[in-house]
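User: Could you zoom in on one part of this model for me, the place where two elements pack against each other? I'd like one connected story, with the side chains around it and then the rest of the chain.

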Amino acid sequence: MSKVDMVNKPPHYQGKHPCLDVIKQQLGSGYASYLEGNIIKYIFRHKDKDANIQDWQKGEFYLKELINYYKNL
């Protein structure tokens with residue numbers, strides 16, 4: 001049985017159209033702000049959850065996404 005990757009490919013976000021692709025399409029240039037907000041959210045609340053390393057990893061995921069976004073402008 002393979003381990004579920006709750007950071008990079010959580011099963012609740014897998015579908016015909018990847019959630020981030022839809023958000024990026026809908027927000028256009030506001031996508032960077034969305035990513036920044038998620039980075040802040042996950043770093044801010046990591047102490048309030050049992051799986052706090054996962055929130056650090058999710059913050060890292062969104063930071064990498066933001067870096068890629070700016071690289072591809």
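Analyst: Let's start with the yardstick: axes are lines fitted to C-alpha atoms, for helices over the stretch in contact, and angles run from 0 to 180 degrees between N-to-C directions. Keep in mind that this is a predicted model, where local features need pLDDT of at least 70 and side-chain atom pairs count only at pLDDT 80 or more, while totals for chains, interfaces and linings use all residues. Residues are numbered from 1 along each chain as its sequence is written, and side-chain values use heavy atoms, with hydrogens and water left out.

Now the packing itself. Helices α2 and α3 pack with their axes 8 Å apart, at an angle of about 160°. That makes α2 roughly antiparallel to α3 (under 35 degrees is roughly parallel, over 145 roughly antiparallel, 65 to 115 roughly perpendicular, the rest oblique). Helix α2 covers residues 31-45, and helix α3 covers residues 52-71. Both are DSSP runs numbered from the N terminus (H or I, at least four residues, for helices; E, at least two, for strands).

What links these two helices through charge? Arginine 45 forms a salt bridge with aspartate 55, and the closest N and O atoms are 3.7 Å apart. Arginine 45 belongs to helix α2 and aspartate 55 to helix α3, so this pair ties together parts that are 10 residues apart in sequence. (A salt bridge here is a Lys or Arg side-chain nitrogen within 4 Å of an Asp or Glu carboxyl oxygen.) The two partners sit in rather unlike surroundings: arginine 45 counts as partly exposed at 28% relative accessibility, whereas aspartate 55 is buried, with a relative accessible area of 0%. (Buried means under 20%, exposed over 50%, partly exposed in between, using a 1.4 Å probe and protein chains only.)

The structure holds 2 salt bridges, and the other one to look at stays inside helix α3. There, glutamate 60 pairs with lysine 64, again with 3.7 Å between the closest N and O atoms. Because they are 4 residues apart in helix α3, glutamate 60 and lysine 64 are separated by about one helical turn. Glutamate 60 is partly exposed at 42%, and lysine 64 is partly exposed too, at 48%.

On to the nonpolar side of things. Ile43, Ile53 and Trp56 form a nonpolar patch on the surface, which together offers about 290 Å² of accessible area. (Patch members have over 30% relative accessible area and no salt bridge; like charges join within 9 Å, and nonpolar side chains, meaning Val, Leu, Ile, Met, Phe, Trp and Tyr, within 5 Å.) Isoleucine 43 comes from helix α2 and is partly exposed, with a relative accessible area of 35%. Its C-alpha atom is separated by 11 Å from that of phenylalanine 61, which is 18 residues away along the chain.

Further along helix α3, leucine 66 and isoleucine 67 make a nice pair to look at. Leucine 66 lies in that helix and is buried, with a relative accessible area of 10%. Isoleucine 67 is in helix α3 as well, but there the side chain belongs to a partly exposed residue, at 40%. From leucine 66 to tyrosine 42 it is 14 Å in space, C-alpha to C-alpha, and 24 residues in sequence. Isoleucine 67 and histidine 12 are 55 residues apart along the chain, and their C-alpha atoms are separated by 24 Å.

Zooming out, the chain comes to 3 helices and 0 strands, which reads as α-α-α along the sequence. Helix α1 takes in residues 19-27, and glycine 28 lies in the loop between α1 and α2. Glycine 28 is partly exposed, with a relative accessible area of 36%. Between the C-alpha atoms of glycine 28 and lysine 58 there are 22 Å, with their positions 30 residues apart along the chain. The C-alpha trace of the chain spans about 35 × 30 × 20 Å along its principal axes. Of the 73 residues in the chain, 23% are buried, and aspartate 55 and leucine 66 are among them.

Technical notes: Areas by Shrake-Rupley, 256 points an atom, 1.4 Å probe, with all protein chains shown as cover.
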